[in-house]
Amino acid sequence: MRTARLRTVHPVLWAGWAALAAGAVLCVLGWYGVSGERYAERQLPYLASCTVPGAALIVAGAVLVTHGRGALAAARVEELYGLLVAAEPAEAEESGTAAGAPLAVSGDLLMVPGGTLWHRADCPLVAGKVESVPVDAKLLASGELGPCPICEPVEETD
């Protein structure tokens, strides 16, 4: 499954690579022209028409490739996040459950040591992880842990 954003990133990458290639060709042509001339006043046209624009294209291509790769990575992260919090499975839709039902409904709260969030026990982020442990009430009371935005647990007041 590819998103529309992933499709719009590829032209930026292609434009970046094309600019890099064109800049390299211009720089080589400028160098070749300059190397054949003995006097500086005869070398300037090659510098002005090939080498300087070639260097500018190389810089522009590097910026486009960097931006395209960053945008591609961001689009992939968004796609993975969308898959993680995707709507309920097909069998839940067939059984007629509400579409707005929470992703996790367990009352037990868990955390991952070193983490910053607390989760419901059936949250997809901690479900099946052997390192998840019950939430320490001291950490919860001190405010060091925040609620998971995916399973939206409520703080238990025992």
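Where is Ser 132 found? Ser 132 lies in the loop between strand 2 and strand 3. The model shown in these views is predicted.

**View 1. The protein chain with its helices and strands.** The secondary structure of the protein chain comes to four helices and four strands. Followed along the sequence, these elements give the pattern α-α-α-β-β-β-α-β. The protein chain has 158 residues, of which 26% count as buried. Its exposed area is about 10,500 Å², and carbon and sulfur atoms supply 65% of that area. Taking contacts between residues at least 6 apart in sequence, 61% join residues at least 24 apart.

**View 2. The open sheet of four strands.** The strand order is 3-1-2-4, and the pairing is mixed. Strand 3 (133-134) and strand 4 (146-147) stand at the edges; each has a single partner strand, so one side of each is left without a neighbour in the sheet.

**View 3. The pairing of strand 2 with strand 4.** Strand 2 covers residues 117-120 and pairs with strand 4 in the parallel sense. Two bridges make up this pairing. Trp 118 stands opposite Pro 147, a residue of strand 4.

**View 4. Ser 132 and its contacts.** The loop that holds Ser 132 runs between strand 2 and strand 3. Is Ser 132 buried or exposed? Its relative accessibility is 16%, so Ser 132 counts as buried, the cut-off being under 20%. Leaving aside residues up to four places away in sequence, Ser 132 touches Leu 110, Met 111 and Val 126.

**View 5. Cys 27 and Cys 50.** The count of disulfides in the model is zero. Cys 27 is in no disulfide, and the nearest cysteine sulfur to its own is that of Cys 50, 8.8 Å away. Why is there no bond between the sulfur of Cys 50 and that of Cys 27? The sulfur of Cys 27 is the closest cysteine sulfur to that of Cys 50, but at 8.8 Å it is too far for a bond, because a disulfide needs the two sulfur atoms within 2.5 Å. Cys 50 is buried, with a relative accessible area of 13%.

**View 6. The salt bridge of Glu 37 and Arg 42.** How many salt bridges does the count come to? The count comes to one salt bridge. Glu 37 forms a salt bridge with Arg 42, and their closest N and O atoms are 3.4 Å apart. The cut-off applied to such a pair of atoms is within 4 Å.

Notes
Residues numbered from 1 in each chain as written. Predicted model: local features only at pLDDT ≥ 70, side-chain atom pairs only at ≥ 80, totals over all residues. Heavy atoms only, no water. Pairing = 2+ DSSP bridges. Salt bridge = Lys/Arg side-chain N within 4 Å of Asp/Glu carboxyl O. Buried < 20%, exposed > 50% of the residue type's maximum accessible area, 1.4 Å probe, protein only. Contact = heavy atoms within 4.5 Å. Areas by Shrake-Rupley, 256 points an atom, 1.4 Å probe, with all protein chains shown as cover.
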